[in-house]
Amino acid sequence: MDLSTYSKDLQGALDDVRSDDTETNWCLFGYEGKTTTLKLVDSGEDGLDELVNELNAGQVQYAYLKVEDPNSKLDKFVLINYCGDGATVERKGQMPRHQRDVSDFCRGAHVTINARSDDDLEEDAIMNKVAKSSGANYSNREPSGNSKFANTSPEKVGSVYTNSYTREASAAKDARGQFWQEQGKEDQERKEKEQRAAEEQAAREAEAARQRDIAAQKARDQEAELAAQ
């Protein structure tokens with residue numbers, strides 16, 4: 001995956017989403033044509049609904065979304081790996097490797113969502129995952145700029161973050177595995193359906209050929225009878 005060609009645009013979009021000084025709360029990345037070059041597709045200020053409207057069911061895309069944690073009231077970041085049903089087989093095959101590259105580039109996401117359609121991006125389901133990612137050591141953001149980890153002693157902050165990151169990385173890995181297991185199952189079902197359709201077509205063609213042979217034989221028999229008379 002080429003993340004360097006448009007690196008300034010990509011990084012700038014991420015910074016806007018992360019910043020407290022802008023209203024931008026999502027950005028969307030996609031491929032440039034048939035290449036593996038990642039570019040900025042769009043960004044916006046109206047949250048998940050607006051983002052979902054920009055997804056293309058015929059493509060593989062990656063989104064970075066800012067939401068408010070319902071528990072801590074802190075900003076949380078969601079990385080969305082979107083594999084549209086209409087994406088090419090080649091793109092789907094590249095996705096496991098490319099989404100790791102995107103994950104490294106968008107480091108800091110609290111939750112990763114693997115989606116194949118709008119149905120996989122229900123707000124309630126995403127917010128439940130965000131809530132579950134919250135640690136007990138987060139406190140509400142203070143206007144005065146106090147630490148976001150006010151309930152955590154300084155010597156424990158590092159270990160808490162590491163454990164949380166490890167859990168999230170493990171959950172993301174499990175989600176990727178489940179995503180591609182389901183994708184493989186769907187591909188197998190599609191192949192079986194196509195094979196059944198081909199077999200049924202072959203059977204129809206064979207029956208049509210048999211009927212033509214019967215009709216031809218009948219015609220020959222009738223001609224033979226007339227000639228005998």
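## Helix H3, the paired strands and the cores

His98 lies in helix H3. The model is a predicted one, and the description below starts from this residue and works outward.

**His98 and helix H3**

Is His98 buried or exposed? His98 has a relative accessibility of 0%, so the residue counts as buried. Apart from neighbours within four places in sequence, His98 is in contact with Met1, Tyr31, Thr36 and Tyr62. Between His98 and Asn81 there are 9.8 Å in space, C-alpha to C-alpha, and the two are 17 residues apart in sequence.

Helix H3 itself has 17 residues. From its first C-alpha to its last, H3 reaches 24 Å, which is close to the 24 Å expected at 1.5 Å a residue. Where does H3 bend? The bend is at Met95 and amounts to about 50°; a proline, Pro96, follows within four residues. Met95 is also one of the buried residues of H3, together with Arg91, Lys92, Gln94, His98, Gln99 and Val102.

**The chain as a whole**

The chain has five helices and five strands. Along the sequence their order is α-β-β-α-β-β-α-β-α-α. The chain holds 229 residues, and 32% of them are buried. Of the contacts between residues at least 6 apart in sequence, 61% join residues at least 24 apart. The exposed area of the chain is about 14000 Å², with carbon and sulfur atoms supplying 46% of it.

**Strand pairing**

Three pairings involve strands S1 to S4, as the table sets out.

| Strands | Sense | Bridges |
|---|---|---|
| S1 and S2 | antiparallel | six bridges |
| S1 and S3 | antiparallel | five bridges |
| S3 and S4 | antiparallel | nine bridges |

Individual residues can be placed within these pairings. Cys27 has Ser43 as its bridge partner in S2. Gly30 stands opposite Gln61 in S3. Ala63, in turn, has Ile80 as its bridge partner in S4.

S1 and S2 form a hairpin with six residues between them, and Gly33 in the turn has a positive phi of about 60°. S3 and S4 likewise form a hairpin with six residues between them, here with Lys73 in the turn. What is the phi of Lys73? Phi of Lys73 is near 65°, a positive value in a residue other than glycine. Lys73 is placed in the loop between S3 and S4. With a relative accessible area of 44%, Lys73 is partly exposed.

Strand S3 takes part in pairings with S1 and with S4. Eight of the nine residues of S3 are buried, so the strand is largely enclosed by the rest of the structure.

**The nonpolar cores**

In soluble globular proteins, nonpolar side chains tend to be buried together. In this model, the largest nonpolar core has 20 residues. Which of its residues touch the most other members? They are Cys27, Phe29, Leu38, Val60, Tyr62, Tyr64 and Cys106. H1, S1, S3 (60-68), S4 (75-83) and H3 (89-105) each supply at least two residues of this core. H1 gives the most, with four residues.

A second, separate core has 19 residues, including Trp26, Ala63, Val78 and Ala115. Ala63 thus belongs to the second core, while Tyr62 and Tyr64 belong to the largest one.

Cys27 touches residues from several parts of the sequence, and those up to four places away are not counted here. Its contacts are Ala13, Leu14, Val17, Leu40, Asp42, Ser43, Tyr62, Ala63 and Tyr64. Ser43 is therefore listed both as a contact of Cys27 and as its bridge partner in S2, where DSSP needs at least two bridges to pair two strands.

**Thr24, before strand S1**

Thr24 is found in the loop between H1 (7-18) and S1 (26-31). Thr24 counts as buried because its relative accessibility is 11%, and the cut-off for buried is under 20%. Neighbours within four places in sequence aside, Thr24 is in contact with Asp16, Val17, Ser43, Gly44, Glu45 and Lys66. Val17 and Ser43 appear in this list and also among the residues that Cys27 touches.

Notes: Residues are numbered from 1 along each chain as its sequence is written. This is a predicted model: local features need pLDDT of at least 70, side-chain atom pairs count only at pLDDT 80 or more; totals for chains, interfaces and linings use all residues. Side-chain values use heavy atoms; hydrogens and water are left out. Buried means under 20% relative accessible area, exposed over 50%, partly exposed in between (1.4 Å probe, protein chains only). Contact means heavy atoms within 4.5 Å. Accessible areas come from the Shrake-Rupley method with a 1.4 Å probe; for residues, only the protein chains shown count as cover. A nonpolar core is a set of buried Ala, Val, Leu, Ile, Met, Phe, Trp, Tyr and Cys residues joined through side-chain atoms within 4.5 Å. The expected span of a helix is 1.5 Å times one less than its number of residues. The bend at a residue is the angle between axes fitted to the seven residues ending there and the seven starting there.
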